[in-house]
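Subject: Handing over the structure, with notes

Dear colleague,

I am passing on the structure we spoke about, so that you can look through it alongside my notes. Please open it first, and then read what follows with the coordinates at hand.

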Amino acid sequence: MPHHYHSRETAEVAEFIDSFRQESVKSGVFDSAAADDFLTTAINQSAGVKVPQKLQAALDEADDKSASMLSRAIFDGAAVYEQAHGAPCPADVMQQAIHLAYATTNDARRKMGMTLDSATSEGHDALSLQPNRAVVAILAALTEAIPFAHYLPADINSNEAKLAIMTHQAGRDYGRYSAGGIMDGANSGDTYISSSREHKCEVETDAEGDPTGNITGKLTAIQDTDETCDPDAATVKLLRGRAIVYVDGMIVAKEVSSTGTGTSAVSGQVDIEGTTHQIGGTINPDTGAIALTAQPPLPASSHVLVESFIDYERAPELTPEIITAVDTFQLFAKPWRVTTHQTIDSRTQMANELGLDPYSEGVLGIQSQFANERHYEVLRKARRLAGRNQETFDFAWASQGDYKSRADVWRDFNAVVGAVSQRMALSTMNHGVTHLYVGENVAAQMQGLPADIWEPSGVVERPGIFRLGRLFGRYDVYYSPKVVLETANSAEVLCVGRATDVTRNPFVLGDAVPPTVIPLATNADLKSGAGFYARNFTSVNPHQPSSTGCALINVTNLF
């Protein structure tokens with residue numbers, strides 16, 4: 001699915017990364033000299049490509065060696081993302097990585113009013129655990145990114161990000177829309193701009209239910225349904241001589257005069273089952289009132305519809321308006337913190353006997369927990385949202401297994417996921433399903449599907465979340481050992497859609513303070529350790545239609 005970046009800064013990152021990749025690869029491999037040359041040229045504004053402002057700040061504080069490491073981290077991180085998720089790294093994820101790299105600079109530290117470990121061209125902090133923190137920040141952001149999430153950089157001063165949703169709305173009660181009605185997504189396309197108005201007229205009957213020959217109705221400013229106008233709505237001025245009468249969809253009569261004043265005559269005829277019915281009567285171009293007659297009377301079941309067109313020259317005040325509106329939502333970062341401690345005896349024993357550093361291992365464990373915890377938090381929120389869009393897929397293996405293979409049954413799954421995907425596209429006004437999360441049983445079966453419907457990722461099985469492959473050429477499938485529930489004979493498939501832009505995604509993530517490790521002082525008991533701190537938001541989109549980008553398929557009778 002193509003990505004659309006409505007943020008100028010994100011669009012600049014996309015342009016920069018595309019150019020950086022093209023210029024940095026020579027003979028199919030990364031060329032550090034070419035990458036450094038491109039960055040130097042871009043910084044000097046002679047490459048026609050603008051270096052993202054926050055990356056510029058990080059490069060300004062780095063020496064030549066550190067700057068080269070930053071460029072390599074960007075390239076390698078993007079490559080790891082593509083390998084892990086089977087798609088190029090989106091610009092908003094790269095922008096988030098650059099934002100985290102910027103957060104390690106002295107400029108960002110002054111704005112935050114905090115002392116965090118970092119590196120500059122002058123050297124690293126005395127207590128720094130990672131001298132090349134900007135490099136670590138970029139690699140961590142890209143390798144630990146949640147595949148269906150969009151990222152929105154938070155302000156480093158206020159720990160707040162603003163999410164702006166742009167909508168198009170009807171400016172007045174007109175056509176099929178009420179004032180303020182949304183005109184985006186599936187809501188777009190109903191009668192509004194068109195001057196045409198259509199009304200299904202009433203074929204009048206007597207007390208015995210026999211048609212009298214009279215046919216009445218009224219065209220107004222409000223097209224209440226596809227075929228009826230609201231009779232109590234504002235009257236309209238119609239173009240004289242343009243009214244058309246349809247019976248069962250066929251044109252049978254027209255307004256005969258394009259000049260004059262007052263009511264205008266209508267004339268025509270229609271043949272129904274061998275009987276010719278003469279159509280006459282009038283339409284009033286000043287009020288929209290319709291008064292027709294049919295001789296002999298039309299059958300009571302006849303579908304009689306009159307169409308005419310608004311005369312904006314006579315009623316310019318009826319010209320419709322479309323308003324572009326922006327709704328702004330605030331997203332606030334929340335803190336994450338944890339500490340790890342080791343005694344001097346444990347550190348020396350593990351180092352001497354096992355060659356391990358418990359301090360470093362503790363930090364690695366913290367980082368892994370942080371990334372996994374955030375991913376599972378989003379999955380739990382997705383499963384709750386999915387309750388609004390559910391389907392059941394009866395695998396029915398006990399009966400279908402007699403004449404179908406499991407691959408044949410899974411082919412039928414395409415219709416079910418397609419149904420929830422279309423409902424998702426209608427409700428979000430943006431996108432359908434892009435990612436599926438499955439448990440052990442479904443994962444095992446999908447890995448055995450034939451190549452015409454399954455493309456394996458090549459990623460070796462691991463105990464956490466990882467990408468299995470692509471189903472039906474459309475859906476990226478991930479294994480999750482948690483959240484997605486399975487029983488002995490049934491399983492859940494959690495469906496999530498990644499939007500085409502940040503504002504429309506069901507989940508929006510961002511970091512105000514990058515994941516930071518702060519070495520802790522050694523106490524009198526000779527214990528040392530490290531503190532981990534991060535401040536970010538992991539939020540369901542506060543724009544309700546955009547938050548509906550989740551669905552759940554319950555697979556039953558698997559065995």
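I begin with Glu321, which, leaving out residues up to four places away in sequence, touches Gln169, Ala170, Gly171, Arg172 and Tyr192. Please keep in mind throughout that this is a predicted model. Glu321 sits in the loop between β15 (304-309) and β16 (322-332), and with a relative accessibility of 41% it counts as partly exposed. Its C-alpha atom is 8.5 Å from that of Ile193, although Glu321 and Ile193 are 128 residues apart in sequence.

For the chain as a whole, there are 12 helices and 26 strands, and 48% of the 559 residues count as buried. Among contacts in the protein chain with a separation of 6 or more, 67% are between residues 24 or more positions apart.

Turning to the interior, the largest nonpolar core holds 52 residues, and those with the most contacts inside it are Met94, Leu494 and Phe507. The element that gives the most to this core is helix α4 (residues 64-85), with 7 residues. Because domain 1 (1-145) and domain 3 (335-558) both give residues to this core, it lies between them. Once its neighbours within four places in sequence are set aside, Met94 is in contact with Val13, Ile17, Ile74, Ala78, Cys89 and Leu142. There is also a second, separate core, which has 34 residues and includes Val416, Val477, Ala491 and Cys495.

Two of the helices deserve a closer description. In α4, the 22 residues should span 32 Å at 1.5 Å a residue, and the end C-alpha atoms are 32 Å apart, which agrees. The buried residues of α4 are Ala67, Leu70, Ser71, Ala73, Ile74, Phe75, Gly77, Ala78, Tyr81 and His85, and of these Ile74 and Ala78 also appear among the contacts of Met94. The residue that follows α4 is Gly86, whose phi is positive, near 70 degrees.

Helix α11 (residues 406-428), with 23 residues, reaches 33 Å from its first C-alpha to its last, close to the 33 Å expected at 1.5 Å a residue. Its buried residues include Trp410, Phe413, Val416, Val420 and Met424, and Val416 is also one of the residues of the second core. Just after α11 comes Met429, with a positive phi of about 60 degrees.

Strand β26 (residues 550-556) is mostly covered, with 5 of its 7 residues buried. It pairs with strand β18 (residues 390-394) in the parallel sense over 5 bridges, and there Asp394 stands opposite Thr556 of β26. With strand β23 (residues 491-496), β26 pairs in the antiparallel sense over 6 bridges, and in this case Val555 of β26 is the bridge partner of Ala491.

You may want to know how the cysteines are treated before you assign their states: how many disulfides are there? The count comes to 0 disulfides. The sulfur of Cys229 is 9.6 Å from the closest cysteine sulfur, that of Cys201, which is too far for a bond, and Cys229, at 3% relative accessibility, counts as buried. Cys550 is likewise in no disulfide, its nearest cysteine sulfur being that of Cys495 at 9.3 Å, and at 1% relative accessibility Cys550 also counts as buried.

Finally, some backbone details. Most residues other than glycine have a negative phi, and most peptide bonds are trans. The peptide bond from Gln295 to Pro296, however, is cis, with omega near -15 degrees, and Pro296 lies in the loop between β14 (289-295) and β15. Phe472 is not a glycine and yet has a positive phi of about 55 degrees; it lies in the loop between β21 (466-471) and β22 (475-479) and is buried, with a relative accessible area of 16%. Val483, in the loop between β22 and β23, also has a positive phi, of about 70 degrees, although it is not a glycine, and at 16% relative accessibility Val483 counts as buried.

With best regards

Terms used
Residues numbered from 1 in each chain as written. Predicted model: local features only at pLDDT ≥ 70, side-chain atom pairs only at ≥ 80, totals over all residues. Heavy atoms only, no water. Core = buried A, V, L, I, M, F, W, Y, C linked by side-chain atoms within 4.5 Å. Buried < 20%, exposed > 50% of the residue type's maximum accessible area, 1.4 Å probe, protein only. Helix = DSSP H or I, 4+ residues; strand = E, 2+ residues; numbered from the N terminus. Domains from an automatic or database assignment. Contact = heavy atoms within 4.5 Å. Expected span 1.5 Å × (residues − 1). Disulfide = S-S within 2.5 Å. Pairing = 2+ DSSP bridges.
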